[in-house]
Amino acid sequence: MDTAALRACYARLEAMGVDVFTCPMQNHKALCSPDGALALNPAAIESGAEEQAILLHEEGHFATGAFYTVQSPYTIRQKQENIANRYIYKRYFPPQRLQSAMAAGLREPWQLAEYFDLPEAMIREMLDYYQAQGLLELCPEEEL
Amino acid sequence: MFGQRLKETRKAHHYTLESLAEAYNARFAGGGLSKGTLSKYENEKQEPLSSVVGNLAELLGVTTDYLLGRTDHSLPPAPDNQLFAAYGDVKEALDDADLDDIALFMRMKALRKQQKL
């Protein structure tokens, strides 16, 4: 795990005025709110890669102001989550960066996940999004 | 049920009978609550006044309904208009555990803000 990358995530949140604290939640790995609070559940976070993914994702919420309430319908909650995710994809993992890694031989999602210290699921979502947007071109034999 | 809930909640907050009585009397003017009285409450030997139940609930950060055994949710629900975001797959509907997590998060956040003032 690249601890420097993890430290950088925490430093950016601190610079944004976010108070990061631990919270023993039952169903959640993290919750955040627009007044600058981020609760992490260390017992549920499985790896440094997942911790980094969570911090990046929540940074996306703070940067974009994409939040919802307990009364928000599913579609609104999903839309706000997508906004946070896509902000982070484009800011830290633009298509060119992924394309370069793939050109260097990292063709499988798990390889990219290891290279970027992220969960494989996040890499797959990123690739799906960029491909759907036509921002990332893969040769047929490189289809992931 | 009240006695059992009071004892569980007191212990969860690491209060002894004595330290809870002290915290109560420091917080509420004219409290006059002794550890002996608290012990009687916990052992169902004496019923508290409704004002005392309310004060104990406030001090212990739970709802009066929880202390009285009317609900299993110890925290008041998060306000419907409170904005938040959760990491992970978006569920079609939030369940009780989700709502408890959100309420706990809101409460911890508020306590941290109070401590910083």
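**Chain B and its contact with chain A**

Of the 117 residues that make up chain B, 35% count as buried. The structure discussed here is a predicted model, and it is worth keeping that in mind while looking through the features below. Chain B contains six helices and one strand. Read from the N terminus, these elements follow the order α-α-α-α-α-β-α, with the strand placed between the fifth and the last helix. The C-alpha trace of chain B spans about 50 × 35 × 20 Å along its principal axes. Turning to contacts within the chain, and taking those between residues at least 6 apart in sequence, 54% join residues at least 24 apart.

We can now turn to the partner chain. Together, chain B and chain A bury about 2900 Å² between them, and carbon and sulfur atoms account for 61% of that area. On the side of chain B, the residues that lose the most area to chain A are Tyr87(B), Val90(B) and Phe105(B), which together make up 27% of what that side buries. The contact draws 28 residues from chain B and 36 residues from chain A.

Polar and charged pairs also span the interface. Between chain B and chain A, 15 residue pairs are in polar contact, with both residues of each pair at pLDDT 80 or more. Two elements of chain B each give two or more residues to the side that touches chain A: strand E1 (85–86) and helix H6 (96–116). Of these, H6(B) supplies the largest share, with 13 residues. Sorted by class, the side of chain B that touches chain A has 15 nonpolar, two polar and eleven charged residues.

Salt bridges add a further layer to the picture. Three of them are found across the interface of chain B and chain A. One salt bridge is formed by Lys113(B) with Asp35(A), where the closest N and O atoms lie 2.9 Å apart. Lys113(B) falls within the residue range of helix H6 (96–116) of chain B, the helix that gives 13 residues to the side touching chain A.

Strand pairing links the two chains as well. Strand E2 (residues 30–33) of chain A is joined to E1(B) by two bridges, and the two strands run antiparallel. Within this pairing, Leu31(A) has Ala86(B), in E1(B), as its bridge partner. For a reader following along in the structure, E1(B) is the one strand of chain B, and this strand takes part in the antiparallel pairing with E2 of chain A.

Methods
Residues are numbered from 1 along each chain as its sequence is written. Chains are lettered from A and ligands numbered from 1 in the order in which they are written. This is a predicted model: local features need pLDDT of at least 70, side-chain atom pairs count only at pLDDT 80 or more; totals for chains, interfaces and linings use all residues. Side-chain values use heavy atoms; hydrogens and water are left out. Contact means heavy atoms within 4.5 Å. Buried area is the accessible area (1.4 Å probe) that two parts lose on being put together, summed over both. A salt bridge is a side-chain nitrogen of Lys or Arg within 4 Å of a carboxyl oxygen of Asp or Glu. A polar contact is a pair of N or O atoms within 3.5 Å; within protein, one must be able to donate a hydrogen and the other to accept it, and residues adjacent in sequence count only if both atoms are side-chain atoms. Helices (H or I, at least four residues) and strands (E, at least two) are DSSP runs, numbered from the N terminus. Ala, Val, Leu, Ile, Met, Phe, Trp, Tyr, Cys and Pro count as nonpolar, Asp, Glu, Lys and Arg as charged, and the others, Gly among them, as polar. Two strands pair if DSSP finds at least two bridges between them. Buried means under 20% relative accessible area, exposed over 50%, partly exposed in between (1.4 Å probe, protein chains only).
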